[in-house]
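Please load the model in your viewer, keep the sequence panel open beside it, and follow the selections below in order.

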Amino acid sequence: KLAKEHGPLMHLQLGSIPTLVISSANVAKDIFKAHDLVFSSRPQLYAGHRLSYKCNDITFAPYGEYWREIRKIVLMEVFSIKRVQSFRSTREEEVQLMINSIARCSSAKLVNLSELTLSLSNNVICRIAFSKKFDDVQVRPESGPHEILRTTQSLVAEFNVADYYPWLGYLLNKVNRVDSRLEKNCSEIDGILDEVIAEHRETISDPETIVDVLLRLQKDPTRTISLTNDQVKGILLVSIINTLDKCFVINSVFEHIVN
């Protein structure tokens with residue numbers, strides 16, 4: 001509605017953050033053709049900065065040498081065609097386990113397909129990333145890994161005053177408990193990733209998991225950049241969350257079909 005009144009290029013002041021709104025493909029093409037470097041980086045959101053290990057992941061890292069290097073790592077090492085094919089047996093095994101679970105249910109019992117497909121997706125992702133299912137990771141009993149990741153997604157996606165009023169948000173986030181929620185969530189994630197990384201420093205899986213790949217590259221002296229532990233964890237976490245986002249979309253489709 002605003003674009004119809006003011007045109008395809010608008011400036012909005014969202015709190016203290018100047019925002020350019022483009023609602024035309026042609027205008028977007030002209031801007032990115034001439035000023036692509038200016039708009040290549042994502043905003044450093046309050047929760048995203050903390051949960052991505054100070055923007056050490058591929059999603060929030062600013063455009064530059066580091067981002068280009070980890071993008072190359074993700075495309076050529078982590079999610080290459082060869083790597084995806086190497087985990088075919090893992091995917092087939094988990095699908096078969098889901099089918100067996102459905103087969104064991106009596107004809108009178110309802111089957112929750114959304115729950116089963118989410119469990120399937122989680123198990124495949126975690127075996128590919130860590131060579132173990134999340135249920136096998138040792139965490140505090142009151143906070144399971146699935147709940148931790150759901151909380152992470154919620155913290156990144158929800159409205160945060162600090163993203164629009166930085167000078168006010170830092171104070172409010174202490175009052176409204178956003179900071180304490182972030183700290184608790186980061187501590188739980190850090191515990192899981194530290195445990196998994198420590199295990200894989202001792203034993204390499206066959207085929208290599210995502211953790212194994214990143215730890216191997218961390219030791220490679222020929223790399224343009226030397227990956228720190230926080231950078232390894234940042235890449236790991238965002239890879240898992242982005243994949244889980246796709247799983248939740250699939251589950252939503254299942255629920256829509258059933259309804």
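Over the ring of which residue does the charged end of Arg 68 sit? Select Arg 68 together with Tyr 63: the charged end of Arg 68 sits over the ring of Tyr 63, 5.4 Å from the centre of that ring. Bear in mind throughout that this is a predicted model.

**The whole chain**

Zoom out and colour by secondary structure, and you will find 12 helices and 2 strands in the protein. Followed along the sequence, these elements come in the order α-β-β-α-α-α-α-α-α-α-α-α-α-α. If you then colour by relative accessibility, 39% of the 259 residues count as buried, while the surface that the protein exposes amounts to about 15900 Å², with carbon and sulfur atoms supplying 57% of it. A contact map adds another view: among contacts between residues at least 6 apart in sequence, 61% join residues at least 24 apart.

**A residue in strand S2**

Select residues 17-22, which form strand S2, and pick out Thr 19 within that strand. Thr 19 has a relative accessible area of 22% and is therefore partly exposed. Setting aside its neighbours within four places in sequence, Thr 19 is in contact with Met 10, His 11, Leu 12 and Leu 14.

**The nonpolar core**

In soluble globular proteins, nonpolar side chains tend to be buried together. To see this model's largest nonpolar core, which has 43 residues, begin with Phe 130, Leu 214, Leu 227 and Leu 236, the residues with the most contacts inside it. The helices that each supply at least two residues of this core are H3 (46-51), H4 (65-78), H7 (113-130), H8 (145-157), H10 (178-202), H11 (210-219) and H12 (229-258). Of these, H10 gives the most, with 8 residues.

Centre the view on Leu 227 next and display its surroundings. Apart from neighbours within four places in sequence, Leu 227 is in contact with Ile 70, Ile 73, Leu 214, Leu 217, Gln 218, Val 232 and Ile 235.

**Helix H11 and the loop before it**

Is H11 largely enclosed by the rest of the structure or largely open? Select H11 and colour it by accessibility: 8 of its 10 residues are buried, so this helix is largely enclosed by the rest of the structure. The buried residues of H11 are Ile 210, Val 211, Asp 212, Val 213, Leu 214, Leu 215, Leu 217 and Gln 218.

Step back along the chain to Thr 209, which lies in the loop between H10 and H11. With a relative accessible area of 1%, Thr 209 is buried. Not counting residues up to four places away in sequence, Thr 209 touches Phe 87, Arg 127, Ile 128, Ala 129, Phe 130, Ser 131 and His 200.

**Aromatic pairs**

Now show the aromatic side chains, among which the structure holds 5 pairs. Take Phe 159 and Tyr 164: their ring centres are 5.5 Å apart and their planes lie at 10 degrees, so the pair is stacked. Phe 159 counts as exposed at 61% relative accessibility, whereas Tyr 164, at 29%, counts as partly exposed.

Move on to Tyr 165 and Trp 167, whose ring centres are 6.4 Å apart with planes at 90 degrees, so that this pair is edge-to-face. Here Tyr 165 counts as partly exposed at 37% relative accessibility, and Trp 167 counts as exposed at 65%.

**Two loop residues with positive phi**

Which way does phi turn at Cys 55, positive or negative? Select Cys 55 in the loop between H3 and H4: its phi is near 65 degrees, a positive value in a residue other than glycine. At 5% relative accessibility, Cys 55 counts as buried.

Arg 177, in the loop between helix H9 (166-175) and H10, likewise has a positive phi, of about 70 degrees, although it is not a glycine. Arg 177 is exposed, with a relative accessible area of 52%.

**Last selection: cysteines**

Finally, select Cys 186, which is buried with a relative accessible area of 9%. How many disulfides does the structure hold? A search of the model finds 0 disulfides.

Note on methods. Residues are numbered from 1 along each chain as its sequence is written. This is a predicted model: local features need pLDDT of at least 70, side-chain atom pairs count only at pLDDT 80 or more; totals for chains, interfaces and linings use all residues. Side-chain values use heavy atoms; hydrogens and water are left out. Helices (H or I, at least four residues) and strands (E, at least two) are DSSP runs, numbered from the N terminus. Buried means under 20% relative accessible area, exposed over 50%, partly exposed in between (1.4 Å probe, protein chains only). Contact means heavy atoms within 4.5 Å. Accessible areas come from the Shrake-Rupley method with a 1.4 Å probe; for residues, only the protein chains shown count as cover. A disulfide is a pair of cysteine sulfur atoms within 2.5 Å. A nonpolar core is a set of buried Ala, Val, Leu, Ile, Met, Phe, Trp, Tyr and Cys residues joined through side-chain atoms within 4.5 Å. Rings of Phe, Tyr and Trp (its six-membered ring) pair if their centres lie within 6.5 Å; planes under 30 degrees apart count as stacked, over 60 as edge-to-face and the rest as tilted. A charge sits over a ring if NZ of Lys or CZ of Arg is within 6 Å of the ring centre and within 35 degrees of the ring normal.
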